[in-house]
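This briefing is written to be read alongside the sequence and the coordinates. Please keep both in view while going through the points below.

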Amino acid sequence: GTKTYTCRELTMTVPSSMRDVSSNRDFADYTFALNSSKVVIFGLQERYDEYPVLEKYDLKEYAEQVILVNDLDCRPISRSTGDYMYFTYLHENDGELYKYLTGVYQTEEGFWVVQIAATLTKYDEAAFFGYLDSVEFE
């Protein structure tokens with residue numbers, strides 16, 4: 001099953017097994033973090049009032065900056081069914097390979113980056129796109 005998760009003005013559908021681990025030190029750099037035995041979902045909000053330089057970026061340029069800053073070998077793609085861009089990449093954590101599906105959103109306040117990560121055997125692209133497609137802003 002699924003449940004609705006809300007953080008600030010962001011609302012999204014997530015698996016009902018997800019636990020909020022936002023207060024965990026490991027996720028201190030993120031606005032929110034959720035995990036279960038299968039998947040981790042974490043989000044970062046960057047607001048115009050905190051980072052005025054962001055006001056000059058459109059969604060694609062911001063997504064490209066995220067990729068550049070994190071030294072990733074990928075490019076942002078427009079999601080045909082949603083008002084966001086996404087990219088995927090592989091990254092090793094504690095000796096295990098994870099695949100990340102990252103959605104980038106623009107709001108009146110700034111940008112949100114929502115990342116969904118799982119090991120290759122637990123990576124479920126259709127379900128993960130469902131979670132990203134469900135993201136809404138109040």
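The notes that follow cover the sheets, the nonpolar cores, the pockets and two individual residues.

The model is predicted. Its strands include an open antiparallel sheet of seven and an open antiparallel sheet of three. The largest nonpolar core has 24 residues, and the largest pocket has a volume of about 670 Å³.

**Seven-stranded sheet**

- The strand order in this open sheet is β3-β4-β5-β9-β8-β7-β6, and the pairing is antiparallel.
- β3 (19-20) and β6 (77-78) occupy the edges; each has a single partner strand, so one side of each is left without a neighbour in the sheet.
- β7 and β8 are paired antiparallel over nine bridges.
- Within this pairing, His91 has Tyr98 in β8 as its bridge partner, and Asn93 stands opposite Glu96 in β8.
- The hairpin formed by β7 and β8 has two residues between the strands, and Asp94 in the turn has a positive phi of about 50°.
- β8 is also joined to β9 by nine bridges, again in the antiparallel sense.
- Gly103 stands opposite Val114 in β9, and the β8-β9 hairpin places three residues between its strands.

**Three-stranded sheet**

- The order here is β1-β2-β10, in an open sheet with antiparallel pairing.
- The edge strands are β1 and β10 (136-137); each has a single partner strand, so one side of each is left without a neighbour in the sheet.
- Six bridges join the antiparallel strands β1 and β2.
- Two residue pairs illustrate the register: Lys3 has Val14 in β2 as its bridge partner, and Thr4 has Thr13 in β2.
- β1 and β2 form a hairpin with two residues between them, and Arg8 in that turn has a positive phi of about 55°.

**Nonpolar cores**

- Which residues have the most contacts inside the largest nonpolar core? They are Met12, Phe32, Ile41, Val114 and Phe128, in a core of 24 residues.
- Two or more residues of this core come from each of β1 (2-7), β2 (10-15), β4 (32-35), β8 (96-106), β9 (110-119) and α2 (125-133).
- A second, separate core holds 21 residues, including Tyr62, Val66, Phe87 and Tyr89.
- Leaving aside residues up to four places away in sequence, Ile41 touches Met12, Val14, Pro15, Met18, Phe32, Ala33, Leu34, Val114, Gln115, Ile116 and Tyr131.
- As general background, nonpolar side chains in soluble globular proteins tend to be buried together.

**Largest pocket**

- This pocket, with a volume of about 670 Å³, is lined by 27 residues.
- Tyr30, Phe42, Asn70, Tyr89 and Gln115 are the lining residues that lie nearest its centre.
- β5 (40-47), α1 (59-69), β7 (85-93), β8 and β9 each contribute at least two residues to the lining.
- By class, the lining comprises 18 nonpolar, six polar and three charged residues.
- Tyr89 is thus named both in the second core and among the residues nearest the centre of this pocket.

**Second largest pocket**

- The volume of the second largest pocket is about 180 Å³.
- Its lining consists of Pro15, Ser17, Ser36, Ser37, Lys38, Val39, Lys122, Asp124, Ala127, Phe128 and Tyr131.
- α2 supplies the largest share of this lining, with three residues.
- Five of the lining residues are nonpolar, three are polar and three are charged.
- Phe128, listed in this lining, is also one of the residues with the most contacts inside the largest core.

**Two individual residues**

- Is Asn35, in strand β4, buried or exposed? Its relative accessibility is 16%, and because buried means under 20%, Asn35 counts as buried.
- Not counting residues up to four places away in sequence, Asn35 touches Ser17, Met18, Arg19, Val21 and Val40.
- Glu61 is found in helix α1 and, with a relative accessibility of 34%, counts as partly exposed.
- The C-alpha atoms of Glu61 and Pro76 are separated by 9.2 Å, although these residues are 15 residues apart along the chain.

Key
Residues numbered from 1 in each chain as written. Predicted model: local features only at pLDDT ≥ 70, side-chain atom pairs only at ≥ 80, totals over all residues. Heavy atoms only, no water. Core = buried A, V, L, I, M, F, W, Y, C linked by side-chain atoms within 4.5 Å. Buried < 20%, exposed > 50% of the residue type's maximum accessible area, 1.4 Å probe, protein only. Helix = DSSP H or I, 4+ residues; strand = E, 2+ residues; numbered from the N terminus. Contact = heavy atoms within 4.5 Å. 1 Å grid on protein atoms, 1.4 Å probe; cavity = no way out; pocket = protein on both sides within 12 Å on 5 of 7 lines; lining within 4 Å. Points joined across faces, edges and corners; volume = space filled by probe spheres on them. Nonpolar A, V, L, I, M, F, W, Y, C, P; charged D, E, K, R; others polar. Pairing = 2+ DSSP bridges.
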